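Trainee: Please pick one part of this model and walk me through it up close. I'd like to see how its pieces fit together.

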Amino acid sequence: MNPFEFFTPTKVIFGRGMLSCVGEEAEQLGKKGLVVTDQGMVNTGLVGKVTGCMDEKGLNYLVWSDVVPNPRDTDIERGAAYAGEQGIDYLIAIGGGSAMDTAKAIGALLTNGGKCEDWYEGNLEKDIAPLLCIPTTCGTGSEVTHEAVINNTKTMEKDCIWGEKVNVRTAILDSEVLDGLPAGILSSTGMDALTHAVEAYVCKASSPLTDGLAIQSVRMIAGNLKKAVQTHDPEALDQMLAASAMAGMAFGNSDVASVHSISEALGGLYDIPHGVANAMMLAPVSRRSIAGAPGKYADIAEALGADISGMDLLAAAGAGVDYMQQLADELSIPHFSDLDVVDPGDFKRLARTAAAASETFDNPVLMDEEDFRSLFEELYRQ
């Protein structure tokens with residue numbers, strides 16, 4: 001067995017109705033907080049529910065609701081400047097991955113200074129400002145990972161502030177916040193969590209600890225995603241929220257792989273939502289990766305509930321990939337060829353970006369620039 005490390009410093013509070021403890025948790029983090037969110041979250045009333053709990057404790061805070069999908073370095077630097085001017089010493093993120101990544105990055109600049117580009121090498125000198133995360137989707141797992149993914153406006157690619165100093169102090173996982181989530185967002189974020197679990201399990205950086213979290217996350221997602229989307233059943237939402245966090249702990253301590261190499265290239269150039277990009281690329285990339293880890297892909301097929309009786313490893317692995325695609329189709333995830341923004345003239349650039357991504361080198365089968373380009377061409381023709 002290869003040596004490995006496992007790092008999970010985040011306190012996780014889980015349960016329906018547990019949002020009510022946000023004031024108690026926040027008052028332990030600092031004297032003046034900044035609630036980092038987007039206007040959509042404000043409009044739902046969820047932000048008001050959180051700040052109401054803070055008001056009951058008499059806490060001092062401000063709300064910054066300028067989070068955008070695929071957060072840009074310029075937005076983050078503007079948020080950090082505002083937080084610094086206002087004397088903020090802790091943060092609360094309410095939202096999906098964009099809100100949590102934005103808050104992490106603002107927290108990094110608050111304590112370390114500089115601009116985002118100064119800290120893309122895992123070189124933070126100080127821990128980020130204390131951060132409490134309230135995820136409002138069941139996909140990113142960002143509440144338990146050690147990175148903030150950022151759109152670099154100079155390169156039009158994704159960059160990342162990462163490392164053990166990028167840790168969330170507390171995460172409150174309350175599935176009541178998912179009760180009103182539209183089916184489309186539940187679908188794409190749920191498939192995002194599945195992608196995290198699958199890639200954490202099959203990638204070359206996996207370990208027994210991450211394997212256990214990842215494969216159980218696959219089982220939980222397979223058993224609950226469609227029910228959560230179709231009925232918003234509370235238990236199914238609970239299961240999805242827990243599975244998302246488990247997948248986050250898994251890939252945060254192993255890695256992701258070439259599905260993410262592509263989704264980050266697409267998100268950087270076209271601003272495609274991360275969950276949608278992962279969901280539509282999961283099966284196609286997995287199919288090309290089976291040869292590098294057939295036993296693990298067969299495990300995934302079994303965890304998904306695919307019928308693999310009497311099959312050898314390769315056939316079972318293929319059946320699991322078929323199941324992934326079937327699930328994506330049932331959840332109305334678009335295909336690559338459905339995206340109006342995609343330009344075949346960009347395929348070489350996208351392939352170059354994906355091939356250079358660090359997670360590419362942990363994919364079970366190493367994909368080079370030509371492999372990515374040919375995959376784009378194949379999917380575009382479908």
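Trainee: What is the relative accessibility of Phe 347, and does this residue count as buried or exposed?

Mentor: Phe 347 has 1% relative accessibility, so it counts as buried. That label means under 20% relative accessible area, while exposed means over 50% and partly exposed is in between, using a 1.4 Å probe and protein chains only. Before we go on, keep in mind that this is a predicted model: local features need pLDDT of at least 70, side-chain atom pairs count only at pLDDT 80 or more, and totals for chains, interfaces and linings use all residues. Residues are numbered from 1 along each chain as its sequence is written, and side-chain values use heavy atoms, with hydrogens and water left out.

Phe 347 sits in helix 13, residues 347–356, where Leu 350, Ala 351, Thr 353, Ala 354 and Ala 355 are buried too. (Helices are DSSP runs of H or I with at least four residues, strands are runs of E with at least two, and both are numbered from the N terminus.) The buried residues of helix 13 pack against strand 7 (157–162), helix 9 (258–270) and helix 14 (369–381); contact here means heavy atoms within 4.5 Å.

Now for the rings. Searching the whole structure turns up four aromatic pairs. Rings of Phe, Tyr and Trp (its six-membered ring) pair if their centres lie within 6.5 Å, and planes under 30 degrees apart are stacked, over 60 edge-to-face and the rest tilted. One pair is Phe 336 with Phe 376, stacked at 5.7 Å centre to centre with 25° between the planes. Phe 336 lies in the loop between helix 12 (313–330) and helix 13, and Phe 376 in helix 14, so this pair ties together parts 40 residues apart in sequence. Both Phe 336 and Phe 376 are buried, and the relative accessible area of Phe 376 is 0%.

Phe 347 pairs with Phe 376 as well, tilted this time: 5.7 Å centre to centre and 40° between the planes. With Phe 347 in helix 13 and Phe 376 in helix 14, the pair ties together parts 29 residues apart in sequence. Add Tyr 380, and you have one aromatic cluster with Phe 336, Phe 347 and Phe 376.

Step back along the chain to helix 12, and its buried residues, including Met 324, Leu 327 and Ala 328, pack against helix 6 (183–202), helix 7, helix 10 (274–289) and helix 11. Just after helix 12, Ser 332 takes a positive phi of about 60°.
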